[in-house]
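Visitor: Could you take one part of this structure and show me closely how it is built and what surrounds it? I work at the bench, so please explain your terms along the way.

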Amino acid sequence: MTREELLALPVAVDLDTANKALTIGRSTGYALAKRNAYPVTVLKLGNAYRVVTAELHRLLGIDPSEVAASSELCA
């Protein structure tokens with residue numbers, strides 16, 4: 001995923017989207033989530049897994065506030 005795609009993500013994403021952002025295969029991502037070994041916190045809501053986007057940003061070294069500040073300067 002590009003930096004722009006990562007910054008456009010909603011507050012929480014499904015596990016497939018998080019896997020894509022972290023370049024983890026689908027089977028590996030789900031196996032890690034089931035073992036509580038995923039690189040960021042995974043929330044299990046019913047049968048669905050969700051990942052908080054802020055944790056993905058932090059792990060990937062992306063600071064959304066820097067992008068917001070630079071876009072304000074350009075406006």
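Guide: Happily; let us look at the sheet, strand by strand, and then at what packs around it.

A word on ground rules: this is a predicted model, in which local features need pLDDT of at least 70 and side-chain atom pairs count only at pLDDT 80 or more, while totals for chains, interfaces and linings use all residues. Residues are numbered from 1 along each chain as its sequence is written, and side-chain values use heavy atoms, with hydrogens and water left out.

The sheet is open and has three strands in the order β1-β3-β2, with antiparallel pairing. (Strands are DSSP runs of E with at least two residues, helices are runs of H or I with at least four, and both are numbered from the N terminus; two strands pair if DSSP finds at least two bridges between them.) The edges are taken by β1 (12–14) and β2, each with a single partner strand, so one side of each has no neighbour in the sheet. From one strand to the next, the twist averages 35°. The axes behind such angles are lines fitted to C-alpha atoms, for helices over the stretch in contact, and angles run from 0 to 180 degrees between N-to-C directions.

Now follow β3 (residues 48–52) on either side. Four bridges join it to β2 (residues 42–45), and L43 stands opposite R50. These two strands make a hairpin with two residues between them, and G46 in the turn has a positive phi of about 65°. Towards β1, β3 is joined by three bridges, again antiparallel. Here D14 stands opposite R50, and A12 stands opposite V52. R50 therefore has L43 opposite it in one pairing and D14 opposite it in the other.

In a regular strand the side chains alternate between the two faces of the sheet. In β3, Y49 and V51 make up the covered face, whereas A48, R50 and V52 make up the uncovered one.

What packs against the sheet? Helix α2 (residues 15–22) lies across β1, β2 and β3, running at about 95° to β1. N19 belongs to this helix and is buried, with a relative accessible area of 2%. (Buried means under 20% relative accessible area, exposed over 50% and partly exposed in between, with a 1.4 Å probe and protein chains only.) Its contacts, leaving aside residues up to four places away in sequence, are I24, G25, R26, G29, Y30 and Y38; a contact means heavy atoms within 4.5 Å.

Helix α3 (residues 26–34) has G29, L32 and A33 as its buried residues. Seen down the axis, they fall within an arc of 100°, so they line one face of the helix; that arc is of the directions from the helix axis to the C-beta atoms. Their cover includes α2, β2 and β3, while the face turned away carries the exposed residues S27 and K34. After α3 comes N36, whose phi is positive, near 55°.

The two helices also share a salt bridge, R26 with D16, whose closest N and O atoms are 3.2 Å apart. R26 lies in α3 and D16 in α2, so the pair ties together parts that are 10 residues apart in sequence. A search of the whole structure finds one such bridge, defined as a side-chain nitrogen of Lys or Arg within 4 Å of a carboxyl oxygen of Asp or Glu. R26 is exposed at 54% relative accessible area, and D16 is partly exposed at 32%.

Finally, the interior. The largest nonpolar core has 16 residues, and V13, L15, A18, Y38, V51 and L56 have the most contacts inside it. (Such a core is a set of buried Ala, Val, Leu, Ile, Met, Phe, Trp, Tyr and Cys residues joined through side-chain atoms within 4.5 Å.) Two or more residues come from each of α2, α3 and β3, with the largest share, four residues, from α2. Y38 touches V51 of the covered face, and its other contacts include L15, A18, N19, L32 and A33.
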